[in-house]
Amino acid sequence: MWFVTPPGVYPPQEDTWLLEAALRRERLPPGARVLDVGTGTGALALAAARQGAGQVTAVDISVRAVLTARVNGLLARRRIRAVRGDLLGPVAGQRFDLVLANPPYVPTPATGRPPRAADRPRDAGEDGRSVLDPLCARVPALLEPAGVLLIVHSALSGVARTLALLADGGLEARITDRRFVPLGPVVRARADWLRSRGLLAPGQDKEELVVIRARRTP
Ligand SMILES: C[S@@+](CC[C@H](N)C(=O)[O-])C[C@H]1O[C@@H](n2cnc3c(N)ncnc32)[C@H](O)[C@@H]1O
């Protein structure tokens, strides 16, 4: 699938595809309502639409990403509703059968300088959890009974904490996919800092991505 990806919008890559593969295994209920949080190009929202979702909402904090997702929806002739907003703000009070999330998760040193535009879709605070934590805390309330969250992130940002937060929210959460990928340019540029924090081992040149599936018990 071909996407328009302007500068500053996250190009679909390994984490996107790993989550998309998990999405393909899901059986969507008829007329399923799907939310893609942090949609970027809209790649995952469009994958859900292709899979037969009845209604797909895509949220991103970046205006550029929202416009890109809309253009990609038009090019793919798929109907997605792309809206700008912070996390789940634009969908407050709504319920979903499936929530997809590939949020920013790269641990980011506090430099006091504004982030580079290219890093912004990935930057996630010193522990990599500035978006993950609020998302894990707030998604459970948005899920229909038996609704599912599929979320992908790096093991660098703490898988056990994600599982624990989702369990606190009443979800049955487990890891469904793991993949080691070469360190990308952003992580490589931060490798010394990540090693100094004990997040990367000396000589480590790969990071593990995990997909977590969390289901609300009916
Ligand atoms: C790692 S990219 C994933 C993009 C796309 N879902 C994919 O898998 O290719 C994370 C996206 O989350 C968006 N984002 C970051 N913080 C956000 C927030 N607080 N609320 C909504 N979206 C956010 C970024 O703009 C970026 O498009």
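**Reading loops and a ligand shell**

Me: R95 counts as partly exposed, at 36% relative accessibility. What does partly exposed mean?
Reply: Buried is under 20% relative accessible area, exposed is over 50%, and partly exposed is in between (1.4 Å probe, protein chains only). The model is predicted: local features need pLDDT of at least 70, side-chain atom pairs count only at pLDDT 80 or more, and totals for chains, interfaces and linings use all residues. Residues are numbered from 1 along each chain as its sequence is written, and side-chain values use heavy atoms, with hydrogens and water left out.

Me: Where does R95 lie?
Reply: Helices (H or I, at least four residues) and strands (E, at least two) are DSSP runs, numbered from the N terminus. R95 belongs to the loop between strand 3 (81–84) and strand 4 (96–101). R33 is 62 residues from R95 along the chain, yet their C-alpha atoms are separated by 7.7 Å.

Me: Which residue in the loop between strand 3 and strand 4 has a positive phi?
Reply: Most residues other than glycine have a negative phi. L87, which sits in that loop, has a phi near 50°, a positive value in a residue other than glycine. With a relative accessible area of 16%, L87 is buried.

Me: Where does R77 lie, and is R77 buried or exposed?
Reply: R77 is in the loop between helix 3 (63–76) and strand 3. Its relative accessibility is 77%, so R77 counts as exposed. The phi of R77 is near 55°, again a positive value in a residue other than glycine.

Me: How many residues surround the ligand?
Reply: A residue is near a molecule if one of its heavy atoms lies within 4 Å of it. The ligand is surrounded by 17 residues, and the closest are G38, D60, D86, L87 and N102. By type, this shell divides into eight nonpolar, seven polar and two charged residues. Ala, Val, Leu, Ile, Met, Phe, Trp, Tyr, Cys and Pro count as nonpolar, Asp, Glu, Lys and Arg as charged, and the others, Gly among them, as polar.

Me: Which atoms of L87, G38 and T16 lie at a short distance from the ligand?
Reply: A polar contact is a pair of N or O atoms within 3.5 Å; within protein, one must be able to donate a hydrogen and the other to accept it, and residues adjacent in sequence count only if both atoms are side-chain atoms. For L87, a backbone N or O atom lies 2.7 Å from a nitrogen atom of the ligand. For G38, a polar backbone atom is 2.8 Å from a ligand nitrogen atom. In T16, an N or O atom of the side chain is 2.8 Å from an oxygen atom of the ligand. The ligand has 600 Å² of accessible area on its own, and the protein covers 93% of that area (Shrake-Rupley method, 1.4 Å probe).

Me: Where do P109 and S130 lie?
Reply: Both P109 and S130 are found in the loop between strand 4 and helix 4 (132–138). P109 counts as partly exposed at 23% relative accessibility, and S130 counts as partly exposed at 43%. Between P109 and R190 there are 8.0 Å, C-alpha to C-alpha, although they are 81 residues apart in sequence. S130 and P202 are 72 residues apart along the chain, with their C-alpha atoms separated by 26 Å.

Me: Is G203 buried or exposed?
Reply: G203 has a relative accessible area of 66%, so G203 is exposed. G203 lies in the loop between helix 7 (191–196) and strand 7 (206–216). From G203 to A191 the spacing is 12 residues in sequence and 9.8 Å in space, C-alpha to C-alpha.
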